Structures are given as C-alpha cells and as structure tokens.
Amino acid sequence: MVDKALSGTKVIDLSWNIAGPYCTKLLADYGAEVIKIEQPKVGDPSRLDGPFPNDEVNIEASGLFAYLNNNKSGITLNLKTERGASILKELVKEADILVENFSPKVLSSMGLGYEELKEINPRLVMTSITSFGQSGDYQDYKATELITQAMSGFISQIGEMSREPLRAGGPLRLLEYAAGTFAATATLAAIFGRRATNEGKHVDVSIAECGVLQMPYRNVQHSFTTCASFEERYISLPSIEKCKDGYIGINLLSGQHWQDFCFMTEMYDWVEDPRFMELFRRAENKEVFRERFDKWLIEHTKEEIIQLGIEWRIPITPILTFEEMLSFPQYKEREFFVKVDHPVMGEVEQPGAPFRLSKSPWSIDKIAPLLGEDNKHVFGDILGYSEEEIKEMSAKGII
C-alpha cells in the first residue's frame with residue numbers, strides 16, 4: 001500500500017458530534033492512525049443523529065457518524081474511572097496529537113488536561129475545540145450551532161430586511177465543519193512547528209471565532225471610522241431565481257458582468273442605467289428590476305438560461321438537490337462521491353476527498369467503527385492487556 005501524506009502520525013480522538021470528528025477525519029483520510037474513544041454503551045452522540053436506513057434509529061447505522069469516522073479505530077473508555085484515565089495516559093505516551101471538545105477545565109479536573117499530559121509526552125499537540133475558546137467570560141457557556149452563528153455575526157447578515165434574521169444553512173451545522181477544518185489546519189501547523197523545538201503545543205479553537213473569520217469584509221468595513229452606505233444584511237440581486245421549469249442561481253460579480261447580463265437578457269437600455277449598475281442601487285430599485293427580469297425568467301427554461309450564461313460568461317448554475325448531485329456530470333467525472341459498504345447500513349455514497357495531492361492518495365481503507373469494535377486490538381495488541389483483563393474492564397464499565 002502506498003503511504004499517505006500523514007502515515008505514521010498517531011492521533012487520539014476524544015471528540016464527538018461534528019467539529020472534532022471532522023478535524024480527525026481530515027487527518028485519518030490522509031493517513032493518520034486515529035483511535036476514536038467513545039463512552040461505553042452510548043458512544044458519540046452523532047450516532048443518534050442519523051440519517052438512518054428506513055428511518056429506524058440505530059447507533060450502529062448513523063449516516064452522519066459513518067461519514068465522520070471512516071479510517072479510524074474505535075474503542076470505548078470511561079475516563080471518569082481511575083483505570084480509564086490511566087489507560088488514556090498510556091495511549092498519550094506514543095501519540096502525536098490529541099483532539100478533544102470537552103468544556104474548558106473538564107479534562108484538567110480529571111487530571112487529563114494539557115499541563116498534565118505534556119508531562120507524560122512533551123511532544124504532544126493537543127487541540128481543544130469549544131464554542132468560545134479556552135479563555136474569556138464565555139468560556140464555560142453552553143452553545144449550539146444557532147448560538148455560535150448568532151455570536152459570530154452570521155445570523156444578523158442573512159434574510160430580508162423587513163423580516164427576522166435567518167440561520168445560515170438551515171439545519172446544516174456549517175460552523176462546526178468550518179471549525180473542524182481550522183482545527184485540522186492548526187494541528188498540522190503545530191506538528192510542523194514541533195520539528196524545530198521537539199515540543200508540542202496546546203491549540204485553542206473557538207467555533208464562534210471561526211464564524212467571525214468567514215466575514216472579513218464586514219469586519220474590516222465596520223472598523224472604519226466612516227464607511228459607505230450599505231444594506232445591513234447581505235443581499236444579491238439577482239440571486240436564486242424561478243424560471244419556466246424550476247430554479248437557477250445567478251450572481252453578478254463585476255461591472256462587466258452587469259453589461260453582459262443586460263446583453264444576455266436583451267435589456268440593452270439598462271447597460272448604463274445608474275439605477276441598476278451597482279448592487280445596492282438595484283436593491284433600492286428592486287420592484288422595477290424584478291418586474292422586468294421576472295417576466296424574462298418565466299419565458300426561459302433552466303437549460304436555456306444556463307447555456308446563455310456559458311455563452312456570456314456569467315455565473316449561472318442549476319439548483320441541485322442532494323439526489324441530483326450524486327449524478328451531476330462534474331462530480332461523476334471527478335469521481336467525487338465514493339461508495340462505502342457499511343456492515344449495518346449496506347452500500348451508501350459519501351462525499352470524497354476535500355482536496356487532492358498528486359502523489360499521496362486519498363481513500364477510505366476502514367469503515368467507521370461499530371461501538372467498541374477495536375477494543376480487543378487496542379487494549380490487547382497495542383497496550384498488552386490480557387483477554388481476561390479486557391473482559392474484567394468491560395464488566396466493570398471501564399471500557
């Protein structure tokens with residue numbers, strides 16, 4: 001087997017839900033040896049999130065858990081027990097990375113914080129992902145995606161000015177995936193920096209701050225003592241539009257786009273009309289713009305508009321459903337979606353490589369573990385516990 005980019009890197013995954021597991025998924029998919037640690041009997045809460053085959057809840061058949069935890073070994077361990085904490089320390093001795101998303105101070109209260117673990121392994125890079133970070137007045141506050149989006153300014157920027165603000169992405173937990181990506185990047189930066197000092201670091205990732213980082217334009221704009229007039233919420237006109245047989249997405253990015261748009265729609269008299277040449281002016285004259293453009297849209301099909309967009313080099317796209325994405329030609333040609341044969345769910349399709357390295361392959365070599373699937377291998381083959389000791393620890397709820 002060809003080595004992957006992170007082959008030989010050893011990771012302990014103490015995280016759950018999305019942000020932490022997505023961080024470790026990125027590492028595992030590129031070759032890191034990840035041991036995912038879950039609570040005995042119940043496991044990662046994402047096991048209860050689904051989706052599930054036939055909508056029947058089954059902790060061994062969650063589509064979300066399966067996607068986030070491929071290429072990882074899975075064990076169960078109760079860190080609240082003295083023996084469980086001791087076993088974690090044994091694993092830490094040989095680890096390069098530990099990723100966790102407990103509330104700040106929780107691991108420290110169990111004698112498993114960064115200060116304690118670096119005494120065992122000074123080269124350890126420990127990445128902590130929390131809603132608001134390891135310091136500040138909000139460090140101990142509980143939060144959900146809705147809360148972190150609100151705190152990061154996301155929600156205040158979305159929706160019609162005359163209506164209530166909206167959560168970005170509906171039920172999709174966008175900031176958790178963003179935070180997982182930032183966490184993986186920061187972790188690798190710490191690993192790279194370790195080469196010079198041979199010492200690890202504690203990486204502090206705030207989900208809310210990752211949200212703020214998604215809006216640098218607004219942040220910079222509001223740092224000026226004076227700034228140009230603008231809509232308080234982001235709008236795009238045109239945007240998601242209804243045409244003769246469905247919906248298309250269209251976005252005008254520059255003055256040239258506006259001119260080409262006018263030629264494409266045969267609205268030649270609007271090419272230099274100051275009411276529409278700039279986005280905020282179109283917003284001010286939305287009713288006039290909509291009346292004329294809506295009439296044009298309803299006379300054309302999705303395919304006709306997309307082809308016109310290609311001809312005039314205007315960003316136009318079909319609005320794909322998730323089902324349509326699986327067979328969309330661009331994704332098919334790049335073989336982006338991959339089929340995974342899960343022991344409980346059967347064959348499912350999942351998104352593939354987030355990026356591609358020319359000489360380091362991306363692949364799913366191990367299906368996401370069933371709860372405690374690798375207990376015997378990790379506790380027995382790696383840590384050297386006997387079969388009797390493993391059975392005893394299981395009976396006592398340690399594993």
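**Sheets, helices and aromatic rings in a predicted model**

Ile-250 stands opposite Ile-316, a residue of strand E9. This pairing is a good place to enter the structure, which is a predicted model. Ile-250 belongs to strand E8, residues 246-250, and three bridges join E8 to E9 in an antiparallel arrangement. Together with E7, these strands make an open sheet of three strands in the order E7-E8-E9, with antiparallel pairing. At its edges are strand E7 (240-243) and strand E9 (316-318), each of which pairs on one side only. From one strand to the next, the twist in this sheet averages 35 degrees.

A second open sheet has six strands, ordered E3-E2-E1-E4-E5-E6, and here the pairing is parallel. Its edges are E3 and strand E6 (202-206); each has a single partner strand, so one side of each is left without a neighbour in the sheet. The twist of the six-stranded sheet averages 20 degrees from one strand to the next. Strand E5 (residues 125-130) runs parallel to E6, and five bridges join the two. Across this pair of strands, Met-126 stands opposite His-202 in E6.

Helices pack against the six-stranded sheet too. H3 touches strand E1 (10-14), E2, E3 and strand E4 (97-100), and its direction makes about 150 degrees with that of E1. Helix H7, residues 174-197, lies across E4, E5 and E6 and runs at about 160 degrees to E5.

The surroundings of helix H16 bring several of these elements together. In H16 (residues 375-382), the buried residues include Asn-375, Val-378, Phe-379 and Gly-380. Among the elements that cover the buried residues of H16 are strand E2 (33-38), strand E3 (72-76), helix H3 (82-93) and helix H17 (387-395). Just after H16, Gly-384 takes a positive phi of about 85 degrees.

Ile-120 offers a view of a single residue in its setting. It lies in helix H5, which spans residues 114-120. With a relative accessibility of 30%, Ile-120 counts as partly exposed. Leaving aside residues up to four places away in sequence, Ile-120 touches Lys-89, Val-92 and Lys-93. Gln-134 is 14 residues from Ile-120 in sequence, and their C-alpha atoms are 22 Å apart in space.

Aromatic rings come next. The structure holds 21 aromatic pairs. One of them joins Phe-132 and Tyr-138 edge-to-face, with 5.5 Å from centre to centre and 65 degrees between the planes. The two partners differ in their exposure: Phe-132 counts as buried because its relative accessibility is 10%, whereas Tyr-138, at 37%, counts as partly exposed. Another pair, Phe-261 with Phe-289, is stacked, at 6.3 Å centre to centre and 25 degrees between the planes. This stacked pair links distant parts of the chain, since Phe-261 lies in helix H10 (residues 255-264) and Phe-289 in helix H12 (residues 286-298), 28 residues apart. Both Phe-261 and Phe-289 are buried. They also belong to one aromatic cluster, formed by Trp-258, Phe-261, Trp-270, Phe-276, Phe-289, Phe-293 and Trp-296.

Charged side chains also meet aromatic rings. The charged end of Arg-292 sits over the ring of Trp-270, 4.7 Å from its centre, and Trp-270 is one of the members of the cluster. Elsewhere, Arg-47 lies over the face of Phe-65, at 3.8 Å from the ring centre.

The cysteines complete the picture. A disulfide is a covalent bond between the sulfur atoms of two cysteines. The structure holds zero disulfides. For Cys-210, which is in no disulfide, the nearest cysteine sulfur is that of Cys-23, 11 Å away. Cys-210 counts as buried because its relative accessible area is 5%. In the case of Cys-262, the closest cysteine sulfur is in Cys-243, and at 19 Å the distance is too far for a bond. Cys-262 is buried as well, with a relative accessible area of 0%.

Note on methods:
Residues numbered from 1 in each chain as written. Predicted model: local features only at pLDDT ≥ 70, side-chain atom pairs only at ≥ 80, totals over all residues. Heavy atoms only, no water. Helix = DSSP H or I, 4+ residues; strand = E, 2+ residues; numbered from the N terminus. Buried < 20%, exposed > 50% of the residue type's maximum accessible area, 1.4 Å probe, protein only. Contact = heavy atoms within 4.5 Å. Phe/Tyr/Trp six-rings, centres within 6.5 Å; stacked < 30°, edge-to-face > 60°. Lys NZ or Arg CZ within 6 Å of the ring centre and 35° of its normal. Pairing = 2+ DSSP bridges. Axes fitted to C-alpha atoms, helices over the stretch in contact; angles between N-to-C directions. Disulfide = S-S within 2.5 Å.
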